[in-house]
Amino acid sequence: MGTWTNMEPNLIQQNSRSTFASSVMFALLFLCLLGCQQEAAPVAEPASPEQAVQQQTEPAGPKERALAAKQALFDRLSSRLLAAMSSGGPAAAIEVCSQEAPRIASEVSEEHGLKIGRTSFKLRNPKNSPPAWAQRFVEERTVEPQFVDLEDGQFGAFLPIMLKPQCMTCHGPADQIDPQVLSKLNELYPDDQATGFQIDELRGWFWIEVPREG
Ligand code: HEC
């Protein structure tokens with residue numbers, strides 16, 4: 001925080017060059033990530049017309065519904081972030097992310113008839129604190145997906161989010177984050193705890209509450 005003000009001018013120059021390079025890298029990595037994501041989840045071809053009908057009419061179980069909502073939120077956040085990064089750079093993307101991430105989560109919740117959000121043991125936005133039932137998983141810092149029956153009859157899913165290279169722009173060690181990005185983060189999130197992460201580290205979780213039918 002604020003350490004960049006002590007930088008030598010030549011360091012600042014170097015820094016902005018590498019920031020541009022890392023923005024480009026980010027965009028490429030993100031495209032790659034989205035590409036891989038699509039490949040990893042092929043749509044199953046129904047073997048027969050009867051099966052196709054059955055697949056359409058059979059209601060999805062709570063676990064499938066939770067996973068589908070997670071995928072939808074992930075995809076929507078990723079593409080919105082990518083668009084914001086490529087049009088305005090990382091500092092502008094933070095602004096977009098701060099306004100749109102909560103809205104996108106409510107949108108997906110409504111469309112899927114459940115509640116979904118993101119949380120962490122090191123929060124950026126204090127409003128992303130976990131629901132009470134997930135508190136123990138946060139304390140354990142679980143890296144395994146958790147599926148639980150909740151007291152009120154709902155179904156809960158808690159799914160880990162690992163840090164990818166393209167997340168480092170805004171969640172990496174503070175001394176590696178672009179000064180403009182850092183000052184934007186400080187402005188919007190004065191209590192930001194969500195820097196200092198390394199690639200492949202646990203960053204947080206998606207939590208989902210699925211109401212049971214009937
Ligand atoms: C352009 C900067 C930026 C990038 C890149 C970015 N994030 Fe974030 N992240 C944010 C902001 C801003 C928030 C706070 C959003 C809000 O207010 O809900 C956030 C919040 C989160 C949260 C919610 C918990 C919390 O701390 O509030 C998780 C989990 C998260 N990010 C994971 C990731 C992962 C994983 C990646 C890489 C795929 C990533 N982020 C990339 C800016 C970024």
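The following exchange concerns a predicted model, its confidence, the surroundings of its ligand and one proline.

Biologist: What does the chain average in pLDDT?
Modeller: Residues are numbered from 1 along each chain as its sequence is written. Because the model is predicted, local features need pLDDT of at least 70 and side-chain atom pairs count only at pLDDT 80 or more, while totals for chains, interfaces and linings use all residues. pLDDT is the predictor's confidence in each residue, from 0 to 100, and it stays under 50 over residues 1–16 and over residues 27–43. With 73% of the residues scoring at least 70, the chain averages a pLDDT of 82.

Biologist: Which element gives the most residues to the shell around the ligand?
Modeller: A residue counts as near the ligand if its C-beta atom, placed from the backbone, lies within 6 Å of it, and Arg 124 and Cys 167 are among those that come nearest of the 26 residues. Helices (H or I, at least four residues) and strands (E, at least two) are DSSP runs, numbered from the N terminus. The element that gives the most, with eight residues, is H3.

Biologist: Is Pro 145 buried, exposed or partly exposed?
Modeller: Pro 145 is found in the loop between helix H4 (135–140) and strand S2 (146–149). A residue is buried if 20 or more other C-beta atoms, placed from the backbone, lie within 10 Å of its own, exposed if 12 or fewer, and partly exposed in between. Because Pro 145 has 15 C-beta neighbours inside 10 Å, this residue counts as partly exposed.

Note on methods:
Two residues are in contact if their C-beta atoms, placed from the backbone, lie within 7 Å.
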